[in-house]
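User: I'd like some practice at reading a structural model, going from the whole chain down to single residues. Could you walk me through it?
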Amino acid sequence: MVYFYLVIQQFIGSTTHIVAQDASEHVEPGLLLLLRAVSASLVFLMILFATERRWNIFYKVERKDMGRMVLLGILNVPMNQLLFLHGIKFTTPANSALLYAMTPAMVFLFTSILHSERPSFRKGLGIAVAFVGVGIIMFERGAELRPEHTLGNILIFIAVMAWSFFTMLGRPLVLKYGAVYVTALNMIIGTIIYIPIGLLTTNVSAISVISTASWGEVVYLALISSVLNYVLWYLALAKLEATRVAVFQNLQPIMTTVMALYLGTVVLTGQFVGGGLLALAGVLIVELA
């Protein structure tokens, strides 16, 4: 079941790159995040009230864990999501997907340095093989290193670092308190921290001119990308080591390309098949390590 969660989560992630880029073209990224985060947090609040049946949603969290919970909120909303939405405006979905495919390498590095997981040659090999496969696909399908994309690529790279820390640091709390509870709390905390920033740095009155299509994208980013996507990610972390979960990030660029094939915007090539097989082989090596 955990692998089913991860496949669905990666499918959502692959569509998020495309939806977020279009949304950021029509809605200022800071305002887009404000709408996305507040909407997702309201949904999580309803979930917590329904499941915990308490007004004090923080009652489970021990004092020693509150600092890490706040850090997860910062890594989630003001860092990962905000930088991603700003970055995707200046680069391509292909670049973004390729950069997020670096997640397993970063998680492997961080967990090895902090000794939260046992380093393994086979894990390192699998991550390297998967990343090479992803690179083969994405550089054929439009990953570009043009100067005008530099700012977007840098912002998304920092967002990927935040996402990697979010993945690694969140696992102990997920094991202790549960995936849905931890996901809900860090989203709510991150949103509370971001709200004053968003109100001061964005033109909130622009809400009145947001089109119906853009509102649909906001709803998708809030309910699917921020609620369902994050819950599935942490549900997987409750069952597997952070490195094993993170390596599935390499499936995202492949799924994005498969969608393009289905829509008829690209054609199947030997390079895609070879790169895809390498990426899948890398995932398998890590899972069997």
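User: To begin with the whole chain, what percentage of the 289 residues of the protein chain count as buried?

Analyst: Happy to help! Keep in mind that this is a predicted model. Of its 289 residues, 55% count as buried. The chain exposes about 12600 Å², and carbon and sulfur atoms supply 72% of that area.

User: How many helices and strands does the protein chain have?

Analyst: A count of elements is a good place to start. Here there are 12 helices and 0 strands, so the pattern along the sequence reads α-α-α-α-α-α-α-α-α-α-α-α, with helices being DSSP runs of at least four residues. For contacts, look at separation in sequence: among those between residues at least 6 apart, 90% join residues at least 24 apart.

User: Where does helix 9 bend, and by how much?

Analyst: Begin with its span, then look for the bend. Helix 9 covers residues 212–237, 26 residues in total. From first C-alpha to last it reaches 36 Å, close to the 38 Å expected at 1.5 Å a residue. The bend is at Asn229 and comes to about 25°.

User: Which residues make the nonpolar surface patch of about 300 Å²?

Analyst: Ile154, Phe157, Ile158 and Met161 make that patch. Take Phe157, which sits in helix 7 (residues 150–177).

User: Why does Phe157 count as partly exposed?

Analyst: Compare its value with the cut-offs. Phe157 has a relative accessible area of 31%, and it counts as partly exposed because that value lies between the 20% and 50% limits.

How values were computed: Residues are numbered from 1 along each chain as its sequence is written. This is a predicted model: local features need pLDDT of at least 70, side-chain atom pairs count only at pLDDT 80 or more; totals for chains, interfaces and linings use all residues. Side-chain values use heavy atoms; hydrogens and water are left out. Helices (H or I, at least four residues) and strands (E, at least two) are DSSP runs, numbered from the N terminus. The expected span of a helix is 1.5 Å times one less than its number of residues. The bend at a residue is the angle between axes fitted to the seven residues ending there and the seven starting there. Patches are made of residues with over 30% relative accessible area and no salt bridge: like charges are joined within 9 Å, nonpolar side chains (Val, Leu, Ile, Met, Phe, Trp, Tyr) within 5 Å. Accessible areas come from the Shrake-Rupley method with a 1.4 Å probe; for residues, only the protein chains shown count as cover. A salt bridge is a side-chain nitrogen of Lys or Arg within 4 Å of a carboxyl oxygen of Asp or Glu. Buried means under 20% relative accessible area, exposed over 50%, partly exposed in between (1.4 Å probe, protein chains only). Contact means heavy atoms within 4.5 Å.
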